[in-house]
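This briefing is intended to be read alongside the sequence and the coordinates. It proceeds by topic, from the interior to selected residues.

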Amino acid sequence: GTEVVFFLLDAQQPMVGPGLEAVDFTEFFDRFLGGLSYVLIGIRGAEPLLFPEPYEGGRLDIQKAMRLYGSSQMVEDIEWVRRDMVERKLLPSGQKIMLFGGSGGGVLVQQYLGKYGDQVSRALIESTGAPDLAEQAGQPFLKPFSEVNPQAAGLLLKVQEQWLDRLPALAWMCDKMLRAYPDARDRQFRLIDQMSAGSWWSYFRYWIRPEYNWPLVKRILSPPQMDAMRVRMFELMGNDLIRYHQGGVPFTLTYEWAGGVLADIVRYHQAAGDRAYRISVSRNDYQGEMLIFSGRKDWVFTNEIARRICGSYPKARLAIFDDGHRLLDEYYHDFRVAYFKNGLFSRPVMEAFNNPRQLEKMPR
């Protein structure tokens, strides 16, 4: 009988399934929305929701995989879950849902709103981007390395020809650091600096750890259980990735290693003469509330695109923080809960907006 938040995880995060332990909610999901009623939806293509159709003949049929695992179908799956909840009286008839999504999940929120926004009262997206708005602005979907770490990128530009065969492995290593260490940018610079001086000790010190070992990670990403994730990655970054390898996009950590992971899908689209799947979202029609969080130090998405997203929704506010990609401490949790419980222009939300850690506030 209470209002419900749909917590939308993108296919990059197949974290929802029958084996999910209660402790996982406490350790991860509740850090975002603890104290609220929220719904987690299994992603088709992740265990146990694998489909045989894309593998007839023993090889991946990319056209079928794009259709079965693509975001158009994901949006329909989310809507069927909402309807099923209404039928089961888990949602009162006529009651709207609320949406939350971060990173790629924030794009999925925008896609759902573009088709079924009349079923949503409030949405919150954070640390995210918009492929269509980035293309309109002449920007890549993901932040180039020169903006993530200018000092390390400048040094890499001078010596990268020495490591062309190791560049994807180095890019994965540097990308992984950003998700693991608060001082990742300093670590990246020290690693590249030592390699440029002829010392490979730092590189192999990371390389021997499984999560930094690119050949091992690439194998882990190759089974059928990862195909839905690969389809979604291509949807989000395919156009950039094709242009990247033609020299049309600046050096970007993810694009450098993703070329190996998505090579078969890229070849399929190039052979067919197709552009990659284009995400195009209609935003002005959504009349509910929208709140957007963005971090100045986010290593994935830019504040500029967050501003463009905010400017595209009729009832939206943007908060830019002096923070990175993951907004996990208690302040952000309390901010989210206050918004979903009380609304965009309530006193608790206005108080949260006045926190000094915010660098910029943008009302629509």
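**Nonpolar cores**

In this predicted model, the largest nonpolar core comprises 62 residues, and Leu170 and Leu262 have the most contacts inside it. Helix α12 (residues 227–244) gives the most to this core, contributing 10 residues. A second, separate core has 35 residues, among them Val39, Leu91, Ile292 and Ile309. In soluble globular proteins, nonpolar side chains tend to be buried together.

- Leu170 is in contact with Leu156, Trp163, Leu191, Met195 and Tyr203, when its neighbours within four places in sequence are left aside.
- Ile292, one of the residues of the second core, has Leu318 of strand β6 as its bridge partner.

**Strands β5 and β6 and the helix between them**

- Strand β5 (residues 289–295) pairs with β6 in the parallel sense, and the pairing extends over six bridges.
- Together, β5, α15 and β6 form a β-α-β unit, and this unit is right-handed.
- Strand β6 (residues 316–321) is mostly covered, with six of its six residues buried.
- In a regular strand the side chains alternate between the two faces of the sheet.
- On one side of β6, Ala316, Leu318 and Ile320 are buried, and on the other side Arg317, Ala319 and Phe321 are buried, which leaves both faces covered.
- Helix α15 (residues 303–312) contains Gly311.
- Gly311 has a relative accessibility of 31% and therefore counts as partly exposed, since the limits of that class are 20% and 50%.
- Between the C-alpha atoms of Gly311 and Arg283 the separation is 9.6 Å, and the two residues are 28 residues apart along the chain.

**The second largest pocket**

- The second largest pocket holds about 280 Å³ of space.
- Its lining consists of 13 residues, of which Leu178, Tyr181, Pro182, Trp299 and Gly324 are the closest to the centre of the pocket.
- Helices α8 (167–180) and α9 (184–196) are the elements that give two or more residues to this lining.
- The largest share of the lining, three residues, comes from α8.

**Residues with positive phi**

- Which residue in the loop between β3 (97–102) and α4 (104–116) is of note here? Ser103 occupies this place, and its phi is positive, at about 55°, although Ser103 is not a glycine.
- Ser103 has a relative accessible area of 23%, so this residue is partly exposed.
- Ser127 likewise has a positive phi, near 50°, and is a residue other than glycine.
- The loop between β4 (120–126) and α5 (131–136) is where Ser127 is found.
- Is Ser127 buried or exposed? Ser127 is buried, because its relative accessible area is 4% and the buried class covers values under 20%.

**Phe353 in helix α17**

- Phe353 lies in helix α17, which spans residues 347–353.
- With a relative accessibility of 1%, Phe353 counts as buried.
- The C-alpha atoms of Phe353 and Pro250 are separated by 35 Å, and these residues are 103 residues apart along the chain.

Notes:
Residues are numbered from 1 along each chain as its sequence is written. This is a predicted model: local features need pLDDT of at least 70, side-chain atom pairs count only at pLDDT 80 or more; totals for chains, interfaces and linings use all residues. Side-chain values use heavy atoms; hydrogens and water are left out. A nonpolar core is a set of buried Ala, Val, Leu, Ile, Met, Phe, Trp, Tyr and Cys residues joined through side-chain atoms within 4.5 Å. Buried means under 20% relative accessible area, exposed over 50%, partly exposed in between (1.4 Å probe, protein chains only). Helices (H or I, at least four residues) and strands (E, at least two) are DSSP runs, numbered from the N terminus. Contact means heavy atoms within 4.5 Å. Two strands pair if DSSP finds at least two bridges between them. A crossover is right-handed if, with the strands pointing away from the viewer, the path from the first strand over the helix to the second runs clockwise. On a 1 Å grid over the protein atoms alone, a cavity is a set of points where a 1.4 Å probe fits but cannot get out, and a pocket is an open set with protein on both sides within 12 Å along at least five of seven lines; lining residues have an atom within 4 Å of a point. Grid points are joined across faces, edges and corners, and a volume is the space filled by probe spheres set on the points.
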